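Welcome! Here is a set of exercises for getting to know a new structure, each with a solution worked out step by step.

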Amino acid sequence: KDPIQDELHRTSTFLIDYQEPSIEALTEKITSAYGKTPRAKDLEEFVYNYISDKNYANGFDIASQVAQSQEGDCTEHAVLLAALLRMYDYPARVVTGLYVSLDKPKIAYGHAWTEYYENNKWTGLDATRVSQEVDYQHIPFNVIENETIGYAIELIKLLQTLAIEKIIIRAQTRTTKS
């Protein structure tokens, strides 16, 4: 589906509930920092800074809960960013998958991030790592399409069918000319 015409990636839903007062109240802070028409990267930065208590205590809160608590992990960053993007008329969705860290020790872990549609393509934003781009280290498994009250069932089904035996990471060497 074309996200420009697809209402799913534009509307306020149970999970991405940007019409709730706790999210609408953020517009004053956003306007103060970035003006009336913030760029998608501005909203990514806002969410990174706004969620001040970065922790794993929450399961997968809906956007309005995140706006109130200002806490959470990657899932809370992703849903709040998706809500703000939609509020500012960017088609947006939440993606779940793996993030492969190339730091030592190399490790892969479950992760969520946000994508928005602009210039005829989906572009990833990761509000937990503002300084990094969403790139080959982000391995998508699922786009959350069920944003109703049953959204968690889709996530549980994904985890039940997921079986990863091995991930091979090959480092690329970069050469620089002097």
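The exercises below move from the whole chain to single residues.

This is a predicted model, in which local features need pLDDT of at least 70 and side-chain atom pairs count only at pLDDT 80 or more, while totals for chains, interfaces and linings use all residues. Residues are numbered from 1 along each chain as its sequence is written, and side-chain values use heavy atoms, with hydrogens and water left out.

**Exercise 1. Take stock of the chain.**
Find how many helices and strands the protein has, and in what order the elements run.

*Solution.*
- Step 1: Collect the DSSP runs, numbered from the N terminus: helices are H or I runs of at least four residues, strands are E runs of at least two.
- Step 2: This gives 6 helices and 6 strands.
- Step 3: Read from the N terminus, the order is α-α-α-β-α-β-α-β-β-β-β-α.
- Step 4: Turn to burial, where buried means under 20% relative accessible area, exposed over 50%, and partly exposed in between (1.4 Å probe, protein chains only). Of the 178 residues, 46% count as buried.
- Step 5: Now look at contacts, meaning heavy atoms within 4.5 Å. Among those between residues at least 6 apart in sequence, 60% join residues at least 24 apart.

**Exercise 2. Lay out the sheet.**
Work out in which order the 4 strands of the open sheet lie, and which strands are at its edges.

*Solution.*
- Step 1: Two strands pair if DSSP finds at least two bridges between them.
- Step 2: Following the pairs gives the order β5-β4-β3-β6, with antiparallel pairing.
- Step 3: β5 (121-125) and β6 (138-143) each pair on one side only, which puts them at the edges.
- Step 4: From one strand to the next, the twist averages 40°.
- Step 5: Zoom in on β3 (residues 92-101), which pairs with β6 over 5 bridges. Here Thr96 stands opposite Asn142 of β6.
- Step 6: Add the helix α5 (residues 74-87), which lies across β3, β4 (107-118) and β5 and runs at about 0° to β4. For such angles, axes are lines fitted to C-alpha atoms, for helices over the stretch in contact, and angles run from 0 to 180 degrees between N-to-C directions.

**Exercise 3. Follow the salt bridges.**
How many salt bridges does a search of the whole structure find? Look at where some of the partners sit, too.

*Solution.*
- Step 1: Count each side-chain nitrogen of Lys or Arg within 4 Å of a carboxyl oxygen of Asp or Glu as a salt bridge. The search finds 7.
- Step 2: Take Arg10 and Asp89, whose side chains meet at 2.8 Å, N to O. They are 79 residues apart: Arg10 is in the segment before α1 (21-24), and Asp89 is in the loop between α5 and β3.
- Step 3: Compare their surroundings. Arg10 counts as buried because its relative accessibility is 19%, while Asp89 counts as exposed because its value is 53%.
- Step 4: Glu115 and Arg93 form another salt bridge, with their closest N and O atoms 2.6 Å apart. This pair links strands β4 and β3, across 22 residues of sequence, and both partners are buried.
- Step 5: Finish with Lys41, Glu44 and Glu133, which are joined into one network by salt bridges that share partners.

**Exercise 4. Examine Asp61.**
Is Asp61 buried or exposed, and which side chain does its own side chain touch in a polar contact?

*Solution.*
- Step 1: Locate Asp61 in the loop between β1 (53-54) and α4 (63-69).
- Step 2: Asp61 is buried yet has no salt bridge, and the nearest side chain of opposite charge, Lys54, is 14 Å away. Lys and Arg count as positive and Asp and Glu as negative; His and the chain ends are not counted.
- Step 3: Check for polar contacts, which are pairs of N or O atoms within 3.5 Å; within protein, one must be able to donate a hydrogen and the other to accept it, and residues adjacent in sequence count only if both atoms are side-chain atoms. The side chain of Asn58 makes one with that of Asp61, at 2.6 Å.

**Exercise 5. Spot the backbone exceptions.**
Which residues are joined by a cis peptide bond, and where does Asn120 lie?

*Solution.*
- Step 1: Start from the rule that most residues other than glycine have a negative phi, and most peptide bonds are trans.
- Step 2: Lys104 and Pro105 are joined by a cis peptide bond, with omega about -5°. Pro105 is in the loop between β3 and β4.
- Step 3: Asn120 has a positive phi, near 65°. Asn120 lies in the loop between β4 and β5 and is exposed, with a relative accessible area of 69%.
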